[in-house]
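Let's walk through this structure together with a few quick questions. Have a look first, then read on.

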Amino acid sequence: RDDDDINDVASMAGVNLNEESARIMAANSDLVGTQMQSCKDEPFLAAIPLHKRILETAKKLGITDVPAEVVTFISHATQNRLRAVLEKVTVITQHRMESYKDDEWYEQASDVRSQLKFFEQLERLEKQRKDEQEREILLKAAKSRSRQEDPEQARLKQKAKEMQQQELAQMRQRDANLTALAAIGPRKKRRLDAPGLLSIGGEGVGLCGGSQGLGTASPRQYPRQKITRVNLRDFIFYMEQEREMSHSLLLYRALLK
C-alpha cells in the first residue's frame, strides 16, 4: 500500500529514506558525539575601569555590589550600540557622497556653486572698477602742477607716488621670476611607475642606469580600499533623527562647534 501511495514522492522516485539516513550517519560518524566549544568571551571595554565607573554610579543609587556579569553585559551592550551608530552614520555618509548628475531620473534644478562663482566675479569686477577709478584720481593728482596745493592734494600726490613705486616693484619682481624660470627651463616630473625605478619594500629608492643597473622592478598595482570619511555634520544629522538624542545636550554642543 505504501508503494502505491501517489503522495509518497520519495517512493515514486525510487528513494529509500531509511537507507539514505543510514548512509548519511555513516558518512558523518566522526562528527557524532563531538563537543563544540565557543570562542573565548572577550569584553569590548576594559573591565577594571568600567567596573570602577559602574560602582561609582551604583553607589549614588544605593547599590554597593555589582557582579562581573553586569560589567560584561554592559561592555557587550556598548559594543553593539557603537556598531549600530557607526552603521547608521556610514549609510548617511554614503548618501551624502552619492552623485546624481549622471542619473537619468534626476534633473538639476539649481547650481549654487555657479551662482557663487557669478557673485564672486561681480565683486571682483566691482573692486577692479573702483581700483581703476582711484588710480585715475591719483594719476590726475600726480600730474597736477598747481602752485597752491591744499593738504588733500599733497596727500593724493604722495599716495600716487607710493602707488607708482609699488607697481614698479611688482613689475621688477615679475621680470625677475620670468628670468629665473627661463634659466631653469621646463621641469618634468618623473612618473613613479616609469621604468628604471627601483622599488624595495614597496618604496622607490633609486634609479637604475641603463643596462648596467640593478634591474627594473615592475610596478605593482595594489587595490585601493574605498574609505568612507564621516564628518561632524553626519553625526549631527544622525542625532537629529534619533528620538533619544534629538534633544540631548550632546547635540547642542555639536551644533555650537
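**Two helices and the rest of the chain**

Q: At roughly what angle do the axes of α7 and helix α8 cross?
A: This is a predicted model, where local features need pLDDT of at least 70, side-chain atom pairs count only at pLDDT 80 or more, and totals for chains, interfaces and linings use all residues. Residues are numbered from 1 along each chain as its sequence is written, and side-chain values use heavy atoms, with hydrogens and water left out. Helices here are DSSP runs of H or I with at least four residues, strands are runs of E with at least two, and both are numbered from the N terminus. The axes (lines fitted to C-alpha atoms over the stretch in contact, with angles from 0 to 180 degrees between N-to-C directions) of α7 and α8 (residues 249-256) come within 10 Å, and they cross at roughly 145°.

Q: Which residues of α8 make the contact with α7?
A: Contact means heavy atoms within 4.5 Å. From α7 come Leu232, Ile236, Met239 and Glu240. Their partners on α8 are Leu250, Leu251, Ala254 and Leu255.

Q: Where in the chain is confidence lowest?
A: Confidence here is pLDDT, the predictor's score for each residue from 0 to 100. Helix α7 (residues 232-241) has the highest mean, 92. At the other end, with a mean of 43, is strand β2 (residues 203-207).

Q: Over which residues does pLDDT stay under 50?
A: Where pLDDT is low, the predicted coordinates shouldn't be read in detail. The model does have 25 contacts beyond four places in sequence for this stretch, residues 195-217.
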